[in-house]
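User: I would like a close look at a single part of this protein, namely its sheet and the helices that go with the strands. Please keep to what can be read from the coordinates.

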Amino acid sequence: LIVDDSELTRFLLSKILTSGGHEVVGEAGDGLEALQKVKETEPDVVILDLLMPRMRGTQALVEIRKINPRIRVVVCSGDHQEHTVRDLVKKGASGFIIKPFGDDDLRVAIDLALRS
């Protein structure tokens, strides 16, 4: 499941993932929509932006963990300050991708999350 308020970013993430053999089960443009999609699609991995309207990624992460703690959540954000990353890991993030990212960065993060 890809969650980002940028349609272009969702498109790029989807292309990279499908070209790497992954199935994209859905997309969401904000945290509230993400929670609904998590319930509907039961994804193995959620790629989650932090800065979104209606519900920020940090709160969405907490709520996703409540819905299903087995779902791996990989945060994709330009905010890679140490305290931010630590806070996200404490809240249950399985990985972190720094924007802008390369195809290989994304594939490695997803593969690591799926193995954890």
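Analyst: What follows describes the sheet, then one helix against it, and then two serines elsewhere in the chain. The model is predicted.

The sheet is open and has 5 strands, paired in parallel in the order E2-E1-E3-E4-E5. Its edges are strand E2 (27-28) and strand E5 (95-98). Each of these has a single partner strand, so one side of E2 and one side of E5 are left without a neighbour in the sheet.

Further in, strand E3 (residues 45-48) runs parallel to strand E4 (residues 72-77), and 4 bridges join the two. In this pair, Val45 stands opposite Arg72 of E4. E4 is also joined to E5, again by 4 bridges and in parallel. Here Ser77 is the residue that stands opposite Ile98 in E5. Between these two strands the chain passes through helix H4, and this β-α-β crossover from E4 to E5 is right-handed. In a regular strand, side chains alternate between the two faces of the sheet.

Helix H3 (residues 57-67) has as its buried residues Gly57, Ala60, Leu61 and Ile64. Seen down the axis of H3, they fall within an arc of 105°, so they line one face of the helix. The general pattern behind such a face is that an α-helix has 3.6 residues a turn, so residues three or four places apart point the same way. The cover over the buried residues of H3 includes strands E3 and E4, together with helix H2 (31-41) and helix H4 (82-90). H4 thus appears in two roles: it is part of the cover over H3's buried residues, and it is the helix of the crossover from E4 to E5.

Two serines complete the picture. Ser14 lies in helix H1 (residues 7-19). Its relative accessible area is 16%, and because the cut-off for buried is under 20%, Ser14 counts as buried. Leaving aside residues up to four places away in sequence, Ser14 touches Ile2, Val24 and Glu27. Of these contacts, Glu27 belongs to the edge strand E2 (27-28).

Ser116 lies in the segment after helix H5 (103-115). Ser116 has a relative accessibility of 62%; because exposed means over 50%, Ser116 falls in that class. Its C-alpha atom is separated by 9.9 Å from that of Gly95, and the two residues are 21 apart along the chain. Gly95 is in the range of strand E5 (95-98), at the other edge of the sheet.

Methods: Residues numbered from 1 in each chain as written. Predicted model: local features only at pLDDT ≥ 70, side-chain atom pairs only at ≥ 80, totals over all residues. Heavy atoms only, no water. Buried < 20%, exposed > 50% of the residue type's maximum accessible area, 1.4 Å probe, protein only. Contact = heavy atoms within 4.5 Å. Pairing = 2+ DSSP bridges. Arc of directions from axis to C-beta. Right-handed = clockwise from strand over helix to strand, strands pointing away.
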